[in-house]
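User: I'd like to go through this model and ask what lies behind the labels people put on it. Can you take me through the reasoning as we go?

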Amino acid sequence: MTKHQGRGIAAIEYPTGMNQNGDPSQAWIKLKMDGRVDVFAGTVDIGQGSKTIHSQIVADTLGVPMDWVTMDTSNTDSSAFCMGTFASRGTFIGGNAVRLAAEKVRGRILEIGGELLEIDPGDLEIIDGEVVAKGSPDKKIGVGDIAGAATFVKGELISGQGTALKEYATLDPETGAVTIPPHSAISYAACAAEVEVDVETGDVRVLKLTQVYDVGCAINPTMVEGQIEGGAIQGLGLGLLENCYPYYPSAEHRGGQFGSYLAPSMEDLPELECIILENPSADGPFGAKAIGEMANNAQPPAIAAAIYDAVGIWVTELPITPEKVLRALEAKAAGQPESTRDGKVVRYDEALSMSSFQAAESAVRFAV
Amino acid sequence: MKAVGARLPRYDATEHVTSGTRYVDDVRIPGTLWAKALRSPHDNAEILSIDTSKAEAMAGVHAVVTFKDVHKNVHGHIEGLGIPGDEPLLAETHVRYKGQPIAAVAADSEALAQRATEAIEVTYKVLPALFDVRKAFDADAPQAHHWGNWYPHFEGEMDRRQIRKGDIEQAFADADVIVQGTYRPAAIEHVPLETQVCQVVPEAGGRFVVYSATQAMYFSMGVVAAHLNWPLNKLKFVGGTTGGGFGGKVDTATETITTLLAIKSHRPVRWRWTRAEEFLFSSTRAAWHMEIADAVTKDGWILGRKMLTLHDAGAFARFSPYGVTKHAFHHTGAYTIPNLEFNGFVVYTNRTPSTAMRGFGVTSVSFATETHLERIAQTLGMDPLEVRMKNATRIGDTSPNGIPYTDPSTVPVMQALSGAVGIELPAHYRTMTSAIRSGEDLPGHLVAQLGNPEDH
Amino acid sequence: MNITINGTSRIVNAGPLTPLLHVLREELDVLSPKAGCQQGGCGTCTVLVNGEPRRSCLLPIAAVEGAEVRTVEGLASGGKLTPVQEAWIHHYAAQCGFCTSGFLMAATAYLEKGGSDDHAEIAAALGGHVCRCTGYVKIYDAVAAAARGESFDLATTAAGSRTTIRGVEL
Amino acid sequence: MEDPAVLIPTSVAEAIESFGAGGDIAIIGGGTILVPEIRLGHARPSRALMLHGAGLAGISREGTRTTIGAMTPLSALSSLGEPIAAAVSNIADLEIRGQGTVGGNLCAQNTDAPRGDLQGVLIALGATVRSVGAGGERSEPAETFLPGRADRLVLDVSFDAPAAGAYAYLDRAHTHEYTALAVTAVRTADGTIRLGANGAGPHGLRLPSAEAAAADPSAAGVAALADVQLFDDAIASAWYREKTLPVLVRRALEQLKETA
């Protein structure tokens, strides 16, 4: 048999929002005179679905049907500031911005509704586009009627703005210590990879990826799956295929086309199984926290461990190309040990540079 | 609650399947010129002269820009976060990587713009190039960057990101075994299906509309405004529709140069990178070199970690100092390690600069620490799952920077995974929770680092 | 030179070597095919030429003179989407959407030729197309569901077949 | 702009006349290689010869002899049995196979990865290439044709039906990459074993040393290393090709035996 199978596991964590915070997102919302909701935010939907998710957050925060909500993220004239779509901040920070804006609008709807119904706003709620007295569902008024009254009777534009911003976490440059959490939340995940290794060619196939993600709250489960599935294949590319510098550190022989830069394709997509856990974050919108970026972090170590399980070699330079597998198998066959022991030190790979690393400001040198 | 938790389709799903979605390259403005850049053919060189006269004289060429046309040629994209700029928009005295833009041209057609870039005459003095981060600190190493071979401007003018926690030497003295390993993930491309692209349109009133595929409209607008020394109301960014980003479209790679061409030509200008430019000259995920030495006990507790990280930034820093800080903050992975000594360097090499990519700073460390954990288990003859469950972050454990975790879920995540793949965990780990450590889950070495999650 | 685009005859002025993609996008304003790589490597520019899927970035216009070219603009008629378009929506097979046009045309040709819901057959037909967002999972799901002749509720999306969601206690 | 002068012949004779002695002229078969190169300015020929209307497409059979016109699309070759069918199904994808031609594949030059997957296959089949150019029409074995292919206009290729054929190649997981290395083994009607390789030199190569040792597939694999000129490129190193060429030779020969 030239093909051997193995399984490996990895567990990871990943922060939500920019490291050390200080990265605001803002949004503003206005009601049309029939109660329909216009949301303006600067968050760019790069395909991950933030615009849809933000609309879902607004709809439920206000208590109106989803199709009442229109979002405009198209330009910097109408939208509010957003730091950007990166650092897994879209759902949490962008989502909190629209939630905070919607809460202000909701508060004003209830106040005006309270005036019109002659009921304390605290005794009102908004259900499916209607302001309803708690416990007396027959006492109600449509949000559209409230918006109309505001516009034509009170002379008011019902609107609200929200800014999600966590204070910048200053660090001690000597120790790296901070005094406030330097992130918005942390998500957790684990992955099991099952692989098959051809010991004659070094080729590795991933047969199955089983993954668990704690996302706090899956605001749109299909979109969470989209992140997890897309991330899984990018993780597979990281683990086995992709390299801008095939002869790193040399810059020779770079691939400049799809036939020579090995991005994952449809062929041989592994079986995927996914469990989404909901461990709500303290202050994310509806308990949500990040999923986007972390989705390609757990597969490479799980694949490396699975290859070890299959054929007993560690390849610790990514991607784990067939060539690296064959070289490691040759070294193993030649009797080269996986690790060496010196006293209580067990050394894998080459000797570390760090022990000879001199941290003097003047002459920083280290020997390999 | 009806919308949250529902499997609703994308707001633009119908547009996507009917070609209603308009990407930047789909914007049609009559009279639009095409832009092309003259890029460095050398990895590292001094620029002796730049002569654009022949290109400027070509019929159908409407603008040629060089560093001379930029008000502030060097602007750090995250100067606001205390990370100073080091990269010229258009090369002035040196080129530091093959593909670095030196000049740009706007012309009637894409082919003509390409020919015009070829008519620009640049003379160089080629310098030796540095590619190996492990040789960057050698006295005889080629100089990759005008600041030296590694970034020197972390807080307090430190030349590295440091983490110091607990008593690292005591942990190594107390260890039964010290496990060492080295981990080196590669640089990869973002591979968005839409290459870097923008269109800039001058408006009669003096404003410029920038159709941009950026992942961050305000951020990119700020970058363009800073280079031009313009107030924000002279620019309008139109965006929000991006054909894939994955981190690479935070770079503001096209917007400023295209705006300069639109200013100079008084015409709308489109710049769309070719796929080869995208593969070779758009920024990459960085390659990393990570060394770990862990002090462990024979029953699988990790007492301490020493780690050295060399981040291969490529020719300029871009977001790398930020990425290395994030890397440092997460270098214990999903586990608690009470004693730490971390040193991380942003190392310059003469390759295409790296930038943010999905998992920025952490993807590398997840690979290193998880693989290392497997090796610890192997060294000790233990089940790697047991080592994971034992050291898994719990409520009240503190992070590398000293913040107590309030809601970690490594334990239930691992339990769910074990169940899904049919691994029978020992009873203690099957019933373990994330609750504050006590009993056998709270060995002596973890007592001192426990924090109070109520403080946060 | 004449070509027929989605049933309408169009006059083309471009030179004979000009790629069909360039003619469509820059001369005729048919914008669904995308210039993803212009090397034939990604599939974002795929259109149907006389019913066959082709990379329009590789096809010189002179070689398709008189041909019948179909693009995404010609799929839906009278506001009614085709099953494969509906499948794409219901199965969330498009995220950023940039690869979608090419995939839809390749899938349309596959289904018009009687393609099945078999994973390997779908891969053989669409496997040269690159998507960086979805991991292809939901693209397979969409093509397979359309091949089975399913009908699609466009107000919601399909649950991933191998996903479970549950709460967790710390 | 100096766009190339485009010639669009409507007959074989006209195509031959247009090509003349070759020179600075780009031959556009399916267009899959040169159309993007010209479009992006990487190739700037002064003339381009478009063959789509020249009547060079089609497969004909005469007894055991199969002749494939240069403009025949690769997709049409999948009915020709092994080893061609297996090799063709591994070229690019369905769409490009419908457009790329036999002549274009035979004349492809390596870029940052090997191209021209049929070169080694046709060598193994003992195919004859009929071409025109300086010195007029010429028919020669594929392996002697290939080094000078840049200056020739291919008219057709022909070969006798083999008794059996096998194709073994490196298939990287989860990608649609160019093929780093491939080996074709053919048993001819008279029982001779022929071997051709792709990705083992500047173009497809015959493996004579391996053929001589073909009775022992493992020995043949090692012997093949004497026949090749291995190199580093974006998708495989010379070292890796050296390690896997013997495996592929052995696998192709074993596969051939199974089709006894």
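User: What is the bridge partner of Arg61(D) in strand 5 of chain D?

Analyst: Thr66(D) is the bridge partner of Arg61(D) there. Keep in mind that this is a predicted model.

User: And what makes strand 4 and strand 5 of chain D a pair?

Analyst: The bar is at least two bridges between the strands. Strand 4 of chain D and strand 5 (residues 65-69) of chain D have 4 bridges, in the antiparallel sense, so they count as a pair.

User: Why are strand 4 and strand 7 of chain D called edge strands?

Analyst: Look at the order first: 5 strands of chain D form an open sheet, 4-5-8-6-7, with antiparallel pairing. Strand 4 (59-62) and strand 7 (138-141) each pair on one side only, which puts them at the edges. From one strand to the next, the twist averages 20 degrees.

User: Which strands of chain D does helix 1 lie across?

Analyst: Helix 1 (residues 12-19) of chain D lies across strand 6 (128-132) and strand 8 (153-160) of chain D. Its angle to strand 8 of chain D is about 125 degrees.

User: Over to chain A. At what angle do helix 4 and helix 5 of chain A pack, and why call that oblique?

Analyst: The angle is about 55 degrees, and the axes are 8 Å apart. Under 35 degrees would count as roughly parallel, and 65 to 115 as roughly perpendicular. The 55 degrees fits neither range, so helix 4 of chain A is oblique to helix 5 of chain A. As for handedness, the crossing of the two helices is right-handed.

User: Which residues meet where helix 4 and helix 5 of chain A touch?

Analyst: From helix 4 of chain A you get Ala232(A), Gly235(A), Leu236(A), Leu238(A), Gly239(A) and Leu240(A). Facing them from helix 5 of chain A are Gln299(A), Pro300(A), Ile303(A) and Ala304(A). By class, this contact has 7 nonpolar, 3 polar and no charged residues.

User: How is chain A split into domains, and how many residues are in contact between them?

Analyst: The assignment gives domain 1 (3-15 + 184-334) and domain 2 (19-164). Their C-alpha centres lie 39 Å apart, and 17 residues of domain 1 of chain A are in contact with 15 residues of domain 2 of chain A. On the domain 1 side, strand 1 (3-16) and helix 4 (221-241) of chain A are the elements giving two or more residues. Helix 4 of chain A gives the most, with 3 residues. That side divides into 9 nonpolar, 6 polar and 2 charged residues.

User: Which element of chain A gives the most to the side that touches chain C?

Analyst: The contact takes 30 residues from chain A and 28 residues from chain C. Helix 4 of chain A gives the most to the chain A side, with 8 residues. By class, the chain A side has 14 nonpolar, 10 polar and 6 charged residues.

User: How do you know that strand 11 of chain A pairs with strand 6 of chain C?

Analyst: Same kind of check: at least two bridges are needed. Strand 11 of chain A and strand 6 (residues 163-167) of chain C have 5 bridges in the parallel sense, so they pair. Within that pairing, Glu278(A) stands opposite Gly167(C).

User: Last one: how far apart are the centres of the two domains of chain B?

Analyst: 40 Å separate the C-alpha centres of domain 1 and domain 2 of chain B. The contact takes 21 residues from domain 1 of chain B and 18 residues from domain 2 of chain B.

How values were computed. Residues are numbered from 1 along each chain as its sequence is written. Chains are lettered from A and ligands numbered from 1 in the order in which they are written. This is a predicted model: local features need pLDDT of at least 70, side-chain atom pairs count only at pLDDT 80 or more; totals for chains, interfaces and linings use all residues. Domain bounds come from an automatic or database domain assignment. Two residues are in contact if their C-beta atoms, placed from the backbone, lie within 7 Å. Ala, Val, Leu, Ile, Met, Phe, Trp, Tyr, Cys and Pro count as nonpolar, Asp, Glu, Lys and Arg as charged, and the others, Gly among them, as polar. Axes are lines fitted to C-alpha atoms, for helices over the stretch in contact, and angles run from 0 to 180 degrees between N-to-C directions. Angles under 35 degrees count as roughly parallel, over 145 as roughly antiparallel, 65 to 115 as roughly perpendicular and the rest as oblique. A crossing is left-handed if the near helix is turned anticlockwise from the far one by less than a right angle, and right-handed if clockwise.
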